Amino acid sequence: ILIGASFSFSMLSNVAWISEIVPPERRGSAVSTYELCVTIGVLLAFITNVLTSSWRSLFLAAIPIALFQLVCLCFVPESPVWLMVKGDHSQSQQVVANLGGTSAHFDHIRKVVIDHNTDGSTKFSDMLREWKLPFYVVTVIQGLGLLTGGINIRIFAERMFESVGVTTATADVLALLLGVTKVVTTLVAVGILDRCSRRLLYMIGMTGLVVANSLIAAGAGLPGCYNEEGCHEDTVVCSNDEALCPAMCGRCADLAAVLVVAGCVVGYASYQLSFGPLNFVIGSEMFPPSSRGRFLGIQVITQGVFQLVTTFLFSVLRYRITLTGVVLMHTVFCLVGMMFITFHTVETHGRDPETILAHLKVKWAR
């Protein structure tokens with residue numbers, strides 16, 4: 001519980017702070033850098049877990065990193081936007097200069113704060129009333145990002161491998177491959193975010209997830225493939241016979257493994273090119289400084305809720321409607337997401353929150 005709460009507070013603070021220290025034209029790559037660091041950390045944690053035989057060693061290995069981060073935080077400056085809100089204009093300007101910013105960046109911060117009359121006294125209920133449409137759009141996109149199957153591929157990939165006869169040792173190696181894929185594709189996303197349409201990346205990501213889910217469904221649905229109980233439910237005749245089971249149930253295992261592994265790789269890459277880094281990027285772009293921190297905080301909460309529901313449903317439904325049925329359900333949500341992005345969202349890249357809000361109102365009024 002303590003680790004989960006600490007991670008949530010850290011996530012909120014990191015995204016809000018990063019979004020306020022960089023100019024708008026660099027906000028996409030800067031905010032997505034946080035996702036890149038998380039993916040690298042997850043990969044390093046997995047490698048550490050493989051190299052150690054004790055779960056205590058895994059937690060002990062994180063202590064020096066946490067202490068190093070704590071020391072570094074003592075030298076991290078306050079957000080120039082926050083300083084401006086508090087009336088410390090000279091210190092805000094100094095921070096911008098120390099971070100390599102320009103006078104134009106400082107002028108933008110000052111203009112944003114003045115235009116929004118950001119003094120911290122605005123009630124959240126008033127903010128929500130004014131910015132409810134962007135909030136709704138961000139929340140729906142966040143929910144769809146989890147329902148499209150990307151997060152379940154990330155969490156349950158090893159179980160998917162084992163369900164088609166892949167050994168545990170091989171599944172560990174494949175999981176490492178997926179971790180590398182995740183880092184590489186996130187790095188690509190960081191490199192192109194400041195030059196690419198957000199809506200286009202979402203569409204590319206969901207198209208890739210449709211392909212990924214289809215590959216997994218095809219592999220898991222092949223007749224005679226292994227599952228965690230031993231054999232495919234269609235081959236009951238050998239479900240209790242270990243001698244006959246490999247010969248009868250394993251005839252499609254190699255092809256199934258190839259399809260499922262390929263689907264997971266495509267799913268990892270597609271999610272990290274879209275939902276992974278983008279959800280908090282559009283959150284930082286859609287809301288003004290006066291409400292950005294609070295809305296990002298709600299994003300953290302809703303992400304946790306959506307992820308809890310999605311992973312729970314996956315764990316239950318994979319035994320009720322099989323893995324094939326679950327990933328086909330994810331495919332349906334991908335198609336719904338593509339329709340939502342096409343008809344109910346607007347481009348946020350390079351636009352201020354007021355312009356985004358105005359365009360959203362026009363689009364939703366049709």
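**Close-up views of helix packing and a cavity**

**View 1. Helices α8 and α16 are roughly antiparallel to each other, because angles over 145 degrees count as such.** The model shown here and in the other views is predicted. Helix α16 covers residues 322-344 and packs against α8 at an angle of about 155°. The two axes lie 9 Å apart. The crossing of α8 and α16 is left-handed. From α8, the contact draws on Y136, V137, V140, I141, L144, L146 and L147. From α16, H330, F333, V336, G337, F340, I341 and H344 take part. By class, this contact holds 11 nonpolar and three polar residues, with no charged ones.

**View 2. Several helices contribute to the lining of the largest cavity.** The count of cavities of 30 Å³ or more comes to three. The largest has a volume of about 70 Å³. Its lining consists of V137, I141, R198, R199, Y202, I282, M286, I341, T345, V346 and T348. Three elements each give two or more residues to this lining: α8 (132-147), α11 (198-220) and α14. The most comes from α11, with three residues. Seven lining residues are nonpolar, two are polar and two are charged. V137 and I141 of α8 and I341 of α16 also belong to the α8–α16 contact.

**View 3. Helices α2 and α14 cross obliquely.** Helix α2 spans residues 27-51, and helix α14 spans residues 275-286. They pack at an angle of about 135°, with axes 8 Å apart. That angle falls outside the ranges for roughly parallel, antiparallel and perpendicular pairs, so α2 and α14 count as oblique to each other. The crossing of α2 and α14 is right-handed. On the α2 side, the contact is made by R27, G28, V31, S32 and E35. On the α14 side, G276, P277, F280, V281, S284 and E285 make the contact. Four nonpolar, four polar and three charged residues make up this contact.

**View 4. Helix α9 passes α15 in a right-handed crossing.** Helix α9 runs over residues 150-163, and helix α15 over residues 289-320. Their packing angle is about 35°. The axes are 10 Å apart. Which residues of α9 make the contact? They are I151, N152, I155, F156, R159 and M160. Helix α15 supplies Q307, T310, T311, F314, S315 and R318. The contact of α9 with α15 divides into five nonpolar, five polar and two charged residues.

Terms used. Residues numbered from 1 in each chain as written. Predicted model: local features only at pLDDT ≥ 70, side-chain atom pairs only at ≥ 80, totals over all residues. Heavy atoms only, no water. Axes fitted to C-alpha atoms, helices over the stretch in contact; angles between N-to-C directions. Helix = DSSP H or I, 4+ residues; strand = E, 2+ residues; numbered from the N terminus. Parallel < 35°, antiparallel > 145°, perpendicular 65-115°, else oblique. Left-handed = near helix turned anticlockwise from the far one by under 90°. Contact = heavy atoms within 4.5 Å. Nonpolar A, V, L, I, M, F, W, Y, C, P; charged D, E, K, R; others polar. 1 Å grid on protein atoms, 1.4 Å probe; cavity = no way out; pocket = protein on both sides within 12 Å on 5 of 7 lines; lining within 4 Å. Points joined across faces, edges and corners; volume = space filled by probe spheres on them.
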